[in-house]
Amino acid sequence: MRIGELAAELSVSTKTLRHYEKIGLLPPAARAENGYRSFSSQAENIARLIVALRRMDLSLEAIGGLLADDRDKLRKNLMGLLDEKRSAVSLEVAVLQGKLEDLDTRYLSLATTPHDRASACICSLLGKDCDC
């Protein structure tokens with residue numbers, strides 16, 4: 001398959017595929033007489049794997065490690081990486097949930113500020129007694 005066709009199928013640029021080839025993630029493509037890169041079916045499958053893993057936010061370094069390791073261990077190693085990634089994302093979600101709850105609380109405290117206070121009063125946002 002030509003590089004442009006593969007890039008279109010994977011929704012990436014040809015530049016991205018050339019980069020993967022340059023850094024050794026993809027095996028070198030054969031060249032047609034016209035100079036176009038043509039990837040083998042094995043290289044196409046590797047490219048699909050790389051793109052899928054990048055979309056899961058795995059680093060090129062981690063992907064390189066997976067591809068360099070024993071192919072019989074690929075599933076096990078990939079499960080380990082995805083488990084680590086899942087834990088990291090879960091932690092990020094928890095942190096963001098805490099931030100959202102804090103914003104909700106502060107918004108509510110401003111929204112429920114008694115009307116007799118000055119319109120510029122933000123004491124409740126700061127968690128202190130009003131001294132306006």
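This is a short tour of a predicted model, stop by stop.

**Stop 1: the loop at Ser11**

Select Ser11. Ser11 sits in the loop between α1 (3-10) and α2 (14-22). Check its backbone: phi is near 55°. That is a positive value, and the residue is not a glycine. Now show the surface. Is Ser11 buried or exposed? Ser11 is exposed, with a relative accessible area of 60%.

**Stop 2: the loop at Asp57**

Go on to Asp57. This residue belongs to the loop between α3 (41-55) and α4 (60-68). Look at the backbone again. Asp57 has a positive phi of about 70°, although it is not a glycine.

**Stop 3: the two sides of α4**

Select α4, residues 60-68. Colour Ile63, Leu66 and Leu67. These three are buried. Turn the view to look down the helix axis. Ile63, Leu66 and Leu67 cover an arc of only 95° around the axis, so they lie on the same side of α4. The general rule helps here. An α-helix has 3.6 residues a turn, so residues three or four places apart point the same way.

Now colour Glu61 and Ala68. Both are exposed, on the other side of α4. What covers the buried residues of α4? The cover includes α3 and α5. Show α3 and α5 beside α4 to see this.

**Stop 4: a nonpolar patch**

Select Leu110, Ile122 and Leu126. Together they form a nonpolar patch on the surface. Their accessible area adds up to about 260 Å². Zoom in on Ile122. Where does Ile122 lie? Ile122 is in the loop between α5 (74-111) and α6 (123-126). Ile122 is partly exposed, with a relative accessible area of 42%.

**Stop 5: the cysteines**

Finish with the cysteines. How many disulfides does the structure hold? The structure holds zero disulfides. Select Cys130 and Cys121. Cys130 is in no disulfide. The nearest cysteine sulfur to Cys130 is that of Cys121, 3.6 Å away. A disulfide needs the two sulfur atoms within 2.5 Å, so this pair does not count as one.

Compare how the surface treats two cysteines. Cys130 is partly exposed, with a relative accessible area of 32%. Cys123 counts as buried, at 4% relative accessibility.

Note on methods: Residues are numbered from 1 along each chain as its sequence is written. This is a predicted model: local features need pLDDT of at least 70, side-chain atom pairs count only at pLDDT 80 or more; totals for chains, interfaces and linings use all residues. Side-chain values use heavy atoms; hydrogens and water are left out. Helices (H or I, at least four residues) and strands (E, at least two) are DSSP runs, numbered from the N terminus. Buried means under 20% relative accessible area, exposed over 50%, partly exposed in between (1.4 Å probe, protein chains only). Patches are made of residues with over 30% relative accessible area and no salt bridge: like charges are joined within 9 Å, nonpolar side chains (Val, Leu, Ile, Met, Phe, Trp, Tyr) within 5 Å. Accessible areas come from the Shrake-Rupley method with a 1.4 Å probe; for residues, only the protein chains shown count as cover. A salt bridge is a side-chain nitrogen of Lys or Arg within 4 Å of a carboxyl oxygen of Asp or Glu. The arc is that of the directions from the helix axis to the C-beta atoms. Contact means heavy atoms within 4.5 Å.
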